[in-house]
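Here is a friendly note to read alongside the model. Please keep the 3D view open and find each residue as it comes up.

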2 protein chains.
Amino acid sequence: MPEPRDGIASLATEMARHGIDRDAPVRSVMALLGDRWTTLILLVLETGEWRHAELKRVLATLSAEQAISQRVLTLKLRALERDGFVARFVTHDVPPKVSYRLTGLGLALQGQARQTIEWIKANGAAIEAARVHFDGL
Amino acid sequence: MPEPRDGIASLATEMARHGIDRDAPVRSVMALLGDRWTTLILLVLETGEWRHAELKRVLATLSAEQAISQRVLTLKLRALERDGFVARFVTHDVPPKVSYRLTGLGLALQGQARQTIEWIKANGAAIEAARVHFDGL
DNA sequence: CAGGATCCGATTGGATACTG
DNA sequence: CAGTATCCAATCGGATCCTG
């Protein structure tokens with residue numbers, strides 16, 4: 001294992017110790033936040049408890065493109081539930097009523113996501129300027 | 001456009017005004033941070049200026065799985081460069097020497113990413129416990 | 001050495017139809 | 001209504017080969 005530069009060795013051992021990779025949740029949660037819908041779902045669930053269908057409808061109004069498919073919404077909610085970010089409530093009526101809301105952990109995660117999103121929005125002009133410059137080369 | 005719940009209307013108009021979706025950089029930058037390699041690349045570039053090959057080698061030591069392919073490394077560096085997060089330097093020798101480092105904007109982005117990653121690491125045990133609970137149902 | 005071109009497998013997300 | 005199953009297109013990432 002080469003050590004190409006000063007400082008990177010300690011960095012690597014730090015990462016190994018704290019598990020930034022090696023299937024710690026870091027990779028998968030970052031991927032979740034980076035996917036097509038999760039940040040929007042978190043944003044909506046931050047406002048309270050939502051039924052599946054209602055959530056699907058409001059997400060459609062929040063996205064410029066097409067609506068989320070029922071299948072993908074279920075997939076994303078499951079992923080968030082599995083990681084403990086979202087709690088799921090069911091009444092065993094016919095038809096069943098299912099609702100979702102953030103857990104404390106999910107609310108904290110959304111706080112993190114919101115910070116990053118706010119930063120990107122605040123620097124959006126600079127980013128888009130860089131893109132125009134790069135594309136016009 | 002229905003308004004299923006109090007507060008979501010102002011949320012939607014806020015998002016439309018500030019462009020949380022609608023191809024503002026928010027979506028694409030979040031996706032970049034969520035992909036297989038970008039956060040690791042930012043982490044390494046935070047330590048200084050790196051040649052392409054050296055960067056590829058150190059990334060291999062930082063990831064538990066396989067090494068990054070040359071093609072994908074170039075792709076990710078281009079994406080970061082296009083958004084103004086990474087600067088690229090070339091000497092027109094034979095063979096050429098190409099190096100990369102973070103811009104001020106990229107350093108700020110890495111600050112954001114680091115915060116989120118630290119949060120995930122700090123809550124990694126809770127997340128993994130939630131997974132065990134969910135999977136054992 | 002850096003990176004482009006090509007080919008490929010794996011994953012992601014959307015559309016639709018069906019079930020309790 | 002919520003969820004699952006199936007099918008499909010698009011995207012992502014890896015492997016290999018080739019060039020200045």
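**Notes on the DNA surface and the helix contacts**

1. Let us begin at DNA strand D. Four elements each give at least two residues to the surface near this strand: helix H4 (52-62), helix H5 (70-82) and strand S3 (97-102) of chain A, along with helix H5 (70-82) of chain B. Helices (H or I, at least four residues) and strands (E, at least two) are DSSP runs, numbered from the N terminus. H5(A) supplies the largest share, four residues.

2. Before going on, a word on the source. This is a predicted model, in which local features need pLDDT of at least 70 and side-chain atom pairs count only at pLDDT 80 or more, while totals for chains, interfaces and linings use all residues. Residues are numbered from 1 along each chain as its sequence is written, chains are lettered from A and ligands numbered from 1 in the order in which they are written, and side-chain values use heavy atoms, with hydrogens and water left out.

3. Which residues come nearest to DNA strand D? They are A:Ala53, A:Gln70, A:Arg88, B:Arg71 and B:Lys76, out of 21 residues around the strand. (A residue is near a strand if one of its heavy atoms lies within 4 Å of it.) Of the atoms of DNA strand D that come within 4 Å of the protein, 56% belong to sugar and phosphate. The residues of this surface divide into eight nonpolar, five polar and eight charged. Here Ala, Val, Leu, Ile, Met, Phe, Trp, Tyr, Cys and Pro count as nonpolar, Asp, Glu, Lys and Arg as charged, and the others, Gly among them, as polar.

4. Now look at polar contacts, which with DNA are pairs of N or O atoms within 3.5 Å. The side chain of A:Arg88 has an N or O atom 2.6 Å from a phosphate oxygen of DNA strand D, and for A:Tyr100 the distance to a phosphate oxygen of that strand is 2.9 Å. A:Arg71 instead reaches a base oxygen of DNA strand D, at 3.4 Å.

5. A:Arg71 turns up again at DNA strand C, where a polar side-chain atom lies 2.8 Å from a base oxygen. B:Arg71 has a side-chain N or O atom 3.3 Å from a base oxygen of DNA strand C, and B:His52 has one 3.0 Å from a phosphate oxygen. The surface near DNA strand C is made up of seven nonpolar, six polar and eight charged residues.

6. Next, a meeting of helices from two chains. Helix H7 (residues 124-135) of chain A packs against H5(B) at an angle of about 115°, with the axes 8 Å apart. (Axes are lines fitted to C-alpha atoms, for helices over the stretch in contact, and angles run from 0 to 180 degrees between N-to-C directions.) In contact, meaning heavy atoms within 4.5 Å, are A:Ile127, A:Ala130, A:Arg131, A:Phe134 and A:Asp135 of H7(A) with B:Arg78, B:Glu81 and B:Arg82 of H5(B). Three of these residues are nonpolar, none polar and five charged.

7. Finally, find A:Phe85 and B:Trp119, a tilted aromatic pair with 6.4 Å centre to centre and 40° between the planes. Rings of Phe, Tyr and Trp (its six-membered ring) pair if their centres lie within 6.5 Å; planes under 30 degrees apart count as stacked, over 60 as edge-to-face and the rest as tilted. A:Phe85 sits in the loop between H5 and strand S2 (86-91) of chain A and B:Trp119 in helix H6 of chain B, so the pair joins two chains.

Technical notes: A polar contact is a pair of N or O atoms within 3.5 Å; within protein, one must be able to donate a hydrogen and the other to accept it, and residues adjacent in sequence count only if both atoms are side-chain atoms.
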